[in-house]
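Q: Hello! I'm just starting out with protein structures and would like a close look at a single part of this one. Could you take it slowly and give the cut-offs as you go?

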Amino acid sequence: MIRIQEGGIYHYGIYISDDEIIQFGLPPDRLGKVSDEKIKVVSSDRKTFCHEKTIEVAEYDETENGLKNSLQKTIENARHSIGSGGYNLVRNNCKHFAYRCVFDDRVLTPEDQLRQMWKNRPQLDVYVSKIPSDIYFEEVFPETRKKEIFECADGSLKKQKYWAWKTLEYGALRSFGISMEKLAPTKNEKGKWTGEKYFFSISHIQNTVAVALSTSEVGIDIENVDEFEKRFAGKEKRLNEVLGTNESFDLKKLAELWTKKEARFKSLDSQQNFVPAKILFDEKNMFTKFDDADFGRHCISVCSAIKDKIRFYTYSPENIKEIAL
């Protein structure tokens, strides 16, 4: 593997002889301005490749030496690629080509390693959204979820389910740059919705939805504290028993505890019936937020082993903003 420097960039190739250097496109000043579609793997002589520039020869460390192809295999890879295209300055350039010839796909370029590290970093994003008063029901993916939503007889619940799923769709695109098709949500035999590569959890009440997307298992729950207090006023003792507190917590604390137990329950892979008293959680994996000014008096709890990576957003079709935590 060899390279030359052209201004601030390097041009890579596979040196076989002075008359045969195979590369993905000629160096920039010899190639001229052409579209990516016209750039092909070509062979040139040494003079055309270096054009009086200094040729640098790759040196491999111990690990790379153990992973690189034989000389014959490297030459075969290069020669068999002549005439192929698909050039992309970021994802498939002359450096990628040279690395593939030498390593196949066993070693990433340093730039791709950084991109991979960034892509695989721990991530936990939460989107909270007010349900619009007027909703135009659009297509939903997958068909199974669409059927669940559109066959919902309760009009209010139908809106909640639909808007939660559309918020998930937006979050998947914004957080991970993927469509719902690539998120590939499926419902397992235990009734839990899961993604193919990423984890998500949804919750909805009255006029608000909350969606969590993450690289790790996650659960989320939202409660309207005012409605919660109205619903359980005078029933604090019984609610403490249901939640298994062995205490005498007031309703605000009970609302918080309820969301924490729900969030923990949703984060579990083995979902059965929700029995609050039996749900245990670790506070170090729990994030709880009260009194979101944009959405009234709510309590939102998120259960995740990477809660320190959490980012909160309020979302509407017209506006997205991050909430300072």
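How far is the sulfur of Cys 94 from the closest cysteine sulfur, and which cysteine holds that sulfur?

A: Happy to help! This is a predicted model, where local features need pLDDT of at least 70 and side-chain atom pairs pLDDT 80 or more, while totals for chains, interfaces and linings use all residues. Residues are numbered from 1 along each chain as its sequence is written, and side-chain values use heavy atoms, without hydrogens and water.

Now to your cysteine. The closest cysteine sulfur to that of Cys 94 belongs to Cys 101, and the two are 11 Å apart, which is too far for a bond. A disulfide here needs two cysteine sulfur atoms within 2.5 Å. Searching the whole structure turns up 0 disulfides. Cys 94 has a relative accessibility of 7%, so this cysteine counts as buried (under 20%; over 50% is exposed and in between is partly exposed, with a 1.4 Å probe and protein chains only).

Cys 299 is worth a look too. For Cys 299 the nearest cysteine sulfur is that of Cys 303, 14 Å away, and Cys 299 is in no disulfide. With 0% relative accessibility, Cys 299 also counts as buried.

That brings us to strand β13, which covers residues 298-304. Strands (E, at least two residues) and helices (H or I, at least four) are DSSP runs numbered from the N terminus, and two strands pair when DSSP finds at least two bridges between them. An open sheet is built from 3 strands in the order β11-β13-β12, with antiparallel pairing. The edges belong to β11 (218-224) and β12 (286-290); each has a single partner strand, so one side of each has no neighbour in the sheet. From one strand to the next, the twist averages 10 degrees (angles run from 0 to 180 degrees between N-to-C directions, with axes fitted to C-alpha atoms, for helices over the stretch in contact). Between β11 and β13 there are 7 bridges, and Val 218 sits opposite Ser 304 of β13.

Helices meet this sheet as well. Helix α10 (residues 225-232) lies across β11, β12 and β13, at about 70 degrees to β11. Helix α12 (residues 251-267) packs on the sheet and touches β11, β12 and β13, where contact means heavy atoms within 4.5 Å. The direction of α12 makes about 150 degrees with that of β11.
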